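Here are my notes on the model you sent over, in numbered points. I hope they are handy to have beside the viewer as you click through.

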Amino acid sequence: MILGIAGSMRQKSLNAALLRAAAELAPAAAPVEIASIRGIPLYDGDVEAAAIPDAVAELKERVAQADGLLLVTPEYNQSLPGVFKNAIDWLSRPARDIRRVFGDCPVGLMGATPGLGGTRLAQTAWLSVVRTLGMRPWFGQNLFVPNAQHAFDEEGRLVDEKLRGLVTSYMSGFATFVELNRRPKKAQI
Ligand SMILES: Cc1cc2nc3c(=O)[nH]c(=O)nc-3n(C[C@H](O)[C@H](O)[C@H](O)COP(=O)(O)O)c2cc1C
């Protein structure tokens, strides 16, 4: 199973819509489950010292059990959004769990923006996080979606046919990469 997370909590998020399209267009043999960063609190070391919040523990376990992770990222101020990184930062705690949760996990990146850059800079900023967590990024195809407000209809369905083709080929390539890089099954904790 591939776990997809969009880095926006907005009801009409373009990135959440892109993630839904990726799930719809993924090969049947590589189902995508959609997770959310909603409910993840701001990271606070004192909160961590008391107990890992339930929403964090739950999402962390879903990542640990996933065969692949798809990060669908907005771009804020030419970098990655703090709300999204905050969620991943929480999942990386305590640090002794990083290997179990993220280690060798195949990861794909895509993103949508009304801007012209298509989230190139946000996706590039994610690479140092991906490296630090010991994941395996897939570089077989880029998926940058500029002018994204025109690609989806009012209900957030991907209606741009060319883009549907690009998402389909991205998900097909990423699914193959995930299959070739399967992690050993983790014991649930
Ligand atoms: C604080 C902030 C900074 C932004 N900076 C950028 C940027 O650097 N590049 C860009 O393409 N879009 C930028 N945007 C516009 C976002 O791409 C746009 O709001 C997008 O719809 C957010 O993703 P979502 O639709 O999934 O919520 C910024 C938006 C916010 C709120």
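1. Let's begin with helix α6, keeping in mind that this is a predicted model. The buried residues of α6 are A122, Q123, W126, V129 and V130. Which elements help to cover them? Among the parts that lie over these buried residues are β3, α4, β4 (106–112), β5 and β6. Just after α6 comes G134, where phi is positive at about 75°.

2. R120 also belongs to helix α6, but R120 is partly exposed, as its relative accessible area is 43%. Leaving aside residues up to four places away in sequence, R120 touches E75 and F144. You can also compare R120 with V145: the two are 25 residues apart along the chain, and their C-alpha atoms are separated by 9.0 Å.

3. Now for the empty space. How many cavities of 30 Å³ or more does a search of the whole structure find? There are 2 of them. The second largest holds about 40 Å³ of space, and its lining is made up of L69, L71, I88, F102, W126, V129, V130, L133 and M135. Helix α6 gives the largest share of that lining, 3 residues, while β3 and α6 each supply at least two. By class, the lining of this second largest cavity has 9 nonpolar residues, with no polar and no charged ones. W126, V129 and V130 are worth a second look here, since they appear in this lining and are also among the buried residues of α6.

4. The largest cavity likewise encloses about 40 Å³ of space. Which residues line the largest cavity? They are A64, Q65, A66, D67, R183, P184, K185 and K186. By class, this lining divides into 3 nonpolar, 1 polar and 4 charged residues.

5. Two residues from that lining, A64 and Q65, bring us to helix α3, where both are buried. Helix α3 (residues 54–65) has 12 residues and spans 17 Å from its first C-alpha to its last, close to the 16 Å expected at 1.5 Å a residue. Besides A64 and Q65, the buried residues of α3 are V56, L59, K60, E61 and V63. The cover over the buried residues of α3 includes β1 (2–6), β2 (32–35), β3 (68–72), α4 (82–91) and α5 (98–102). Strand β3 is thus a good one to highlight in your viewer: it helps to cover α3, and it is also part of the cover of α6.

6. Next, the aromatic rings. The structure holds 5 aromatic pairs. One of them joins W138 and Y170, edge-to-face, with 4.9 Å centre to centre and 85° between the planes. This pair links distant parts of the chain, 32 residues apart: W138 is in the loop between β5 (136–137) and β6 (144–145), and Y170 is in helix α7 (residues 161–180). Are these two residues buried or exposed? Both W138 and Y170 are buried.

7. Y170 has another partner in F174. Their ring centres are 6.3 Å apart and their planes meet at 40°, so this pair counts as tilted. Y170 and F174 are 4 residues apart in helix α7, so about one helical turn separates them. F174 is buried, as is Y170. Taken together, W138, Y170 and F174 form one aromatic cluster.

8. Finally, a few backbone spots to check by eye. Most residues other than glycine have a negative phi, and most peptide bonds are trans. N77 is not a glycine, yet its phi is positive, at about 45°. N77 sits in the loop between β3 and α4 and is exposed, with a relative accessible area of 79%. D104, again not a glycine, has a positive phi of about 60°. D104 lies in the loop between α5 and β4 and counts as partly exposed, at 25% relative accessibility.

9. Where is the cis peptide bond that joins R93 and another residue? The partner is P94, and omega for this bond is about -10°. P94 is found in the loop between α4 and α5.

How values were computed: Residues numbered from 1 in each chain as written. Predicted model: local features only at pLDDT ≥ 70, side-chain atom pairs only at ≥ 80, totals over all residues. Heavy atoms only, no water. Phe/Tyr/Trp six-rings, centres within 6.5 Å; stacked < 30°, edge-to-face > 60°. Buried < 20%, exposed > 50% of the residue type's maximum accessible area, 1.4 Å probe, protein only. Expected span 1.5 Å × (residues − 1). Contact = heavy atoms within 4.5 Å. 1 Å grid on protein atoms, 1.4 Å probe; cavity = no way out; pocket = protein on both sides within 12 Å on 5 of 7 lines; lining within 4 Å. Points joined across faces, edges and corners; volume = space filled by probe spheres on them. Nonpolar A, V, L, I, M, F, W, Y, C, P; charged D, E, K, R; others polar.
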